[in-house]
Amino acid sequence: TGNFPARRVVLVGMNTILVTGATGNVGRPLVHRLLTAGAYVRAVTRSGDRAGFPPEVRTVPSAADGMSGADAVFLNSRALIGELEATVDLARAHGVAKLVALSAINADDDDARQPSRVRGDRNRECEQVAVDSGLRWVSLRPSVFASNFAGMWAPQLCTGDVVSGPYADAATAVIAEPDIADVAAVALLSDDLDGQRIPLTGPQSLTNTELVAAIGTVLRRDLSYHEVPPQLVRERFVALGFPAAFADAYIGLLERGVGQPAVVTDDIERILGRPATPFTAWL
């Protein structure tokens with residue numbers, strides 16, 4: 001049912017799922033995928049209201065408030081800043097059977113090339129605490145989220161047709177977040193993926209130049225990418241209020257992708273029975 005094959009989603013005694021980061025770009029579609037599959041969903045949201053979820057979803061203000069009776073937990077480290085280990089301990093104490101961790105394809109890289117860590121992500125630790133939990137586990141390792149580019153470039157595109165940034169030839173295999181949610185649903189509702197660290201990417205390696213051109217195709221605008229020196233990019237980030245460490249890690253991440261295609265995996269197609277969503281389709 002939904003956007004993933006019903007034959008792959010088999011409830012194996014686990015039908016009450018606690019989703020942390022439920023209002024995020026992965027968590028929100030995941031909640032809806034789980035509902036479609038017939039699961040009972042508890043969505044962690046600190047907003048104090050329904051957060052736009054259907055009435056079938058039980059919203060809770062913290063993971064602790066929704067843990068009792070949960071069969072599986074989706075772990076989002078940014079939603080659990082300072083609470084990751086305690087949440088897993090609580091899951092174990094309450095008899096949770098499985099943990100599905102949201103990690104990242106570059107989780108093993110040097111921290112200096114992981115800008116998400118500056119924003120609070122602990123992808124490496126999220127995976128490891130699940131692996132070490134003694135519970136059944138799956139770790140999802142997605143590539144760069146498609147929404148990152150929309151958020152980062154939208155201000156420039158609102159004022160003109162040129163996106164300025166570092167390393168025009170840096171390549172990424174951008175992934176659509178709903179694809180991550182679809183795989184997470186399979187991981188939570190079946191035993192097919194247990195014990196795996198799964199690298200998830202979009203279907204194509206695209207440079208910054210190609211990503212901007214793709215946006216232009218969808219918007220029917222003649223857009224271009226203008227490469228500027230990394231130091232200027234760093235200064236711009238800092239002027240906008242970003243920590244210097246974030247700017248340095250972002251530049252380091254892109255620099256690594258210059259001159260070589262990004263890794264593209266077939267795991268989404270293998271798991272879901274359909275191709276990964278192209279960037280233009282997501283747009």
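**Buried, exposed or in between?**

Q: In this predicted model, why is R220 called exposed?
A: Its relative accessibility is 79%, and exposed means over 50%, so R220 counts as exposed.

Q: Where does R220 sit, and what stands out about its phi?
A: You'll find R220 in the loop between α8 and β11 (224–227). R220 has a positive phi of about 60°, even though it is not a glycine.

Q: Why is Y167 called buried?
A: Buried means under 20%, and Y167 comes in at 17% relative accessibility, so it counts as buried.

Q: Which loop holds Y167, and what is its phi?
A: Look between β7 (162–165) and β8 (171–172) for the loop with Y167. Y167 isn't a glycine, yet its phi is positive, about 50°.

Q: What makes V218 partly exposed?
A: Partly exposed lies between the 20% and 50% cut-offs. V218 has 37% relative accessibility, so that's the label it gets.

Q: Which helix is V218 part of, and which surface patch does V218 help make?
A: V218 belongs to helix α8 (residues 208–219). Together with L219 and L283, V218 makes a nonpolar surface patch of about 220 Å².

Q: How do you know that the span of helix α10 agrees with what's expected?
A: Helix α10 (residues 244–256) has 13 residues, and at 1.5 Å a residue they should span 18 Å. The end C-alpha atoms are 19 Å apart, so the two values agree.

Q: Which residues of α10 are buried?
A: They are F246, A247, A249, Y250, I251, G252 and L254.

Methods:
Residues numbered from 1 in each chain as written. Predicted model: local features only at pLDDT ≥ 70, side-chain atom pairs only at ≥ 80, totals over all residues. Heavy atoms only, no water. Helix = DSSP H or I, 4+ residues; strand = E, 2+ residues; numbered from the N terminus. Expected span 1.5 Å × (residues − 1). Buried < 20%, exposed > 50% of the residue type's maximum accessible area, 1.4 Å probe, protein only. Patch = residues over 30% accessible without salt bridge, like charges linked within 9 Å, V, L, I, M, F, W, Y side chains within 5 Å. Areas by Shrake-Rupley, 256 points an atom, 1.4 Å probe, with all protein chains shown as cover. Salt bridge = Lys/Arg side-chain N within 4 Å of Asp/Glu carboxyl O.
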